[in-house]
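Take a look at the model below before reading on. The paragraphs that follow go from the overall fold to the contacts between helices and then to a pocket.

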Amino acid sequence: MAELGGLDGARGPDPGVSELQRLVAAEQQRAQFTAQVHNFMEVCWDKCVDKPGSKLDSRTEGCLASCVDRFIDTTLSITNRFAQVVQKGGH
């Protein structure tokens, strides 16, 4: 019988458990990404859209484009910084 940690004394790691853990981690990452996108959309909408209409004016369109660009740049910068920290061993 497999233990909670996914190890069976006679056979070693249970591949089903490690696959499940991988799938759960991927689903958690997807949920975090979705939450970030939702938050980003809300921030940009509140910042750029004065009154919703059937069409975006050029000022609103430019504001939304700039907001998206800043979000992407910031996300990439943070991701790169975390990668540097991990490569240096967490310092």
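Helices and strands here are DSSP runs, a helix (H or I) having at least four residues and a strand (E) at least two, and they are numbered from the N terminus. The model is a predicted one. By that assignment the protein has two helices and two strands. Along the sequence they come in the pattern β-β-α-α. Helix H1 covers residues 15–48, and helix H2 covers residues 58–87. How much of the protein is buried? Of its 91 residues, 10% count as buried.

The buried part can be followed through the largest nonpolar core. This core has five residues, namely Phe-40, Cys-44, Cys-48, Cys-63 and Cys-67. Helices H1 and H2 each supply at least two residues of the core. The largest share, three residues, comes from H1.

Cys-44 is a useful place to start within this core. Leaving aside neighbours within four places in sequence, Cys-44 is in contact with Val-49, Leu-64, Cys-67 and Val-68. One of these partners, Leu-64, lies in helix H2. Not counting residues up to four places away in sequence, Leu-64 touches Cys-44, Trp-45, Cys-48, Val-49 and Leu-56. For Leu-64 and Trp-45, which are 19 residues apart along the chain, the C-alpha atoms are separated by 7.5 Å.

Thr-60 is also placed in helix H2. Is Thr-60 buried or exposed? Its relative accessible area is 6%, so Thr-60 is buried, the cut-off for this class being under 20%. With residues up to four places away in sequence not counted, Thr-60 touches Cys-48 and Val-49. Both of these residues are also among the contacts of Leu-64.

Next come the aromatic rings. How many aromatic pairs does a search of the whole structure find? The search finds one. The pair is formed by Phe-40 and Phe-71, with 4.1 Å from centre to centre and 20° between the planes, and it is stacked. Because Phe-40 lies in helix H1 and Phe-71 in helix H2, the pair ties together parts that are 31 residues apart in sequence.

The two rings fall into separate accessibility classes. Phe-40 has a relative accessible area of 14% and is buried. Phe-71, at 26% relative accessibility, counts as partly exposed. The cut-off explains the split: buried means under 20%, so Phe-40 is inside that limit while Phe-71 is not. The core definition takes in buried residues, and Phe-40 is listed in the core.

Phe-71 has further links to the H1 side. Apart from residues up to four places away in sequence, Phe-71 touches Gln-36 and Phe-40. The C-alpha atoms of Phe-71 and Cys-44 are separated by 9.2 Å, with their positions 27 residues apart along the chain.

Phe-71 also leads to the largest pocket, which has a volume of about 170 Å³. Which residues line the largest pocket? The lining is made up of Gln-36, Phe-71, Thr-74, Thr-75, Ile-78, Thr-79 and Phe-82. Helix H2 gives the most to this lining, with six residues. By class, the lining has three nonpolar, four polar and no charged residues. Two of the lining residues, Gln-36 and Phe-71, are in contact with each other.

Key
Residues are numbered from 1 along each chain as its sequence is written. This is a predicted model: local features need pLDDT of at least 70, side-chain atom pairs count only at pLDDT 80 or more; totals for chains, interfaces and linings use all residues. Side-chain values use heavy atoms; hydrogens and water are left out. On a 1 Å grid over the protein atoms alone, a cavity is a set of points where a 1.4 Å probe fits but cannot get out, and a pocket is an open set with protein on both sides within 12 Å along at least five of seven lines; lining residues have an atom within 4 Å of a point. Grid points are joined across faces, edges and corners, and a volume is the space filled by probe spheres set on the points. Ala, Val, Leu, Ile, Met, Phe, Trp, Tyr, Cys and Pro count as nonpolar, Asp, Glu, Lys and Arg as charged, and the others, Gly among them, as polar. A nonpolar core is a set of buried Ala, Val, Leu, Ile, Met, Phe, Trp, Tyr and Cys residues joined through side-chain atoms within 4.5 Å. Buried means under 20% relative accessible area, exposed over 50%, partly exposed in between (1.4 Å probe, protein chains only). Contact means heavy atoms within 4.5 Å. Rings of Phe, Tyr and Trp (its six-membered ring) pair if their centres lie within 6.5 Å; planes under 30 degrees apart count as stacked, over 60 as edge-to-face and the rest as tilted.
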